[in-house]
Amino acid sequence: MKSLFNKKLLTIAILVMAFSSSYAIQSGEVKKDSPPLPKILEQVNLTIEQQNKIQMILQNYRDDIDRLTNESDFSNNIVAIIKAKQFQTKDAESLIDAMNEVRKKREMKKMHMMHKVFHSLTAEQQDQLQKLFSQQ
């Protein structure tokens, strides 16, 4: 049963990481190329209840990112700007602003997800998680 859950959690984690870069929060700073959060969480001995809660948090996050991705396909706009006879600076700036807003929303959703996961842990698990992040 635990093995099946770990496989499901890992699958969700892979999907989550496909939609967002793999960063870890360490002392208020963002650190690149850290192991995915679910892989680190395996080391803090989660209860079944915590595993289920975190699985739901990750699934909701993935669903949110899927929705955001589907709502924000800018490829047609990019092609239109590139194909125009004259470069339209205002159109390009508006598009870049919209793209940056979507990036910001993704990062906010990711931070919110990480916050929910962190606060699903006991104080001891939170300390252990912070130690694991600092070792990366």
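Which residue forms a salt bridge with Arg-67, and how far apart are the closest N and O atoms? The partner is Asp-64, with the closest N and O atoms 2.4 Å apart. The legends below start with an overview and then return to this pair; please keep in mind that the model is predicted.

**Figure 1. Overview of the predicted model, with its 6 helices and 2 strands.** Starting at the N terminus, the order of elements is α-β-β-α-α-α-α-α. The protein has 136 residues, and buried residues account for 30% of them. About 9300 Å² of the protein is exposed, with carbon and sulfur atoms supplying 54% of that area. Take the contacts between residues at least 6 apart in sequence: 76% of them join residues at least 24 apart.

**Figure 2. Confidence along the chain, from strand 1 to helix 5.** The protein has a mean pLDDT of 78, and 73% of its residues reach 70 or more. Which element has the lowest mean pLDDT, and which the highest? Strand 1, covering residues 23-26, has the lowest mean at 33, while helix 5 has the highest at 94. For residues 6-34 the pLDDT is below 50, and this stretch has 52 contacts in the model beyond near neighbours in sequence. If you plan to work with those contacts, here is the place to look at them alongside the confidence values.

**Figure 3. The Arg-67 and Asp-64 salt bridge in helix 3.** This is the pair from the opening question, and the structure holds 3 salt bridges. Arg-67 and Asp-64 are 3 residues apart in helix 3, so about one helical turn separates them. Are the two partners buried or partly exposed? Arg-67 has 44% relative accessibility and counts as partly exposed. Asp-64, at 25%, also counts as partly exposed.

**Figure 4. A salt-bridge network of Arg-62, Asp-63 and Asp-66.** Arg-62 takes part in two pairings here, one with Asp-63 and another with Asp-66. In the pairing with Asp-63, the closest N and O atoms are 3.9 Å apart. That value is within the 4 Å cut-off for a salt bridge. In the pairing with Asp-66, the closest N and O atoms are 3.4 Å apart. Asp-66 and Arg-62 lie 4 residues apart in helix 3 (residues 48-71), so they are separated by about one helical turn. Arg-62 counts as buried because its relative accessibility is 18%, and the cut-off is under 20%. Asp-63 is partly exposed, with a relative accessible area of 27%.

**Figure 5. The largest nonpolar core, with Leu-41 and Met-113.** This core has 17 residues, and Leu-41 and Met-113 touch the most other members. At least two residues each come from helix 2 (37-41), helix 3, helix 5 (89-118) and helix 6 (123-135). Which helix gives the most to this core? Helix 3 does, with 5 residues. A second, separate core has 6 residues, including Leu-68, Ile-81, Ala-92 and Val-102. As general background, nonpolar side chains tend to be buried together in soluble globular proteins.

**Figure 6. Helix 5 from end to end, with its buried residues.** The 30 residues of helix 5, at 1.5 Å a residue, should span 44 Å. The C-alpha atoms at its ends are 43 Å apart, which agrees with that expectation. Buried residues in helix 5 are Ala-92, Leu-95, Val-102, Lys-110, Met-113, Met-114 and Val-117. His-112 also has its place in helix 5, but His-112 is partly exposed, with a relative accessible area of 45%. Along the chain, His-112 and Tyr-61 are 51 residues apart, and their C-alpha atoms are separated by 8.9 Å.

**Figure 7. Ser-120 in the loop between helix 5 and helix 6.** Is Ser-120 buried or exposed? Ser-120 is buried, with a relative accessible area of 10%. Leaving out residues up to four places away in sequence, Ser-120 touches Gln-50, Lys-53, Ile-54 and Ile-57.

Definitions and conventions: Residues are numbered from 1 along each chain as its sequence is written. This is a predicted model: local features need pLDDT of at least 70, side-chain atom pairs count only at pLDDT 80 or more; totals for chains, interfaces and linings use all residues. Side-chain values use heavy atoms; hydrogens and water are left out. A salt bridge is a side-chain nitrogen of Lys or Arg within 4 Å of a carboxyl oxygen of Asp or Glu. Buried means under 20% relative accessible area, exposed over 50%, partly exposed in between (1.4 Å probe, protein chains only). A nonpolar core is a set of buried Ala, Val, Leu, Ile, Met, Phe, Trp, Tyr and Cys residues joined through side-chain atoms within 4.5 Å. The expected span of a helix is 1.5 Å times one less than its number of residues. Contact means heavy atoms within 4.5 Å. Accessible areas come from the Shrake-Rupley method with a 1.4 Å probe; for residues, only the protein chains shown count as cover. pLDDT is the predictor's confidence in each residue, from 0 to 100.
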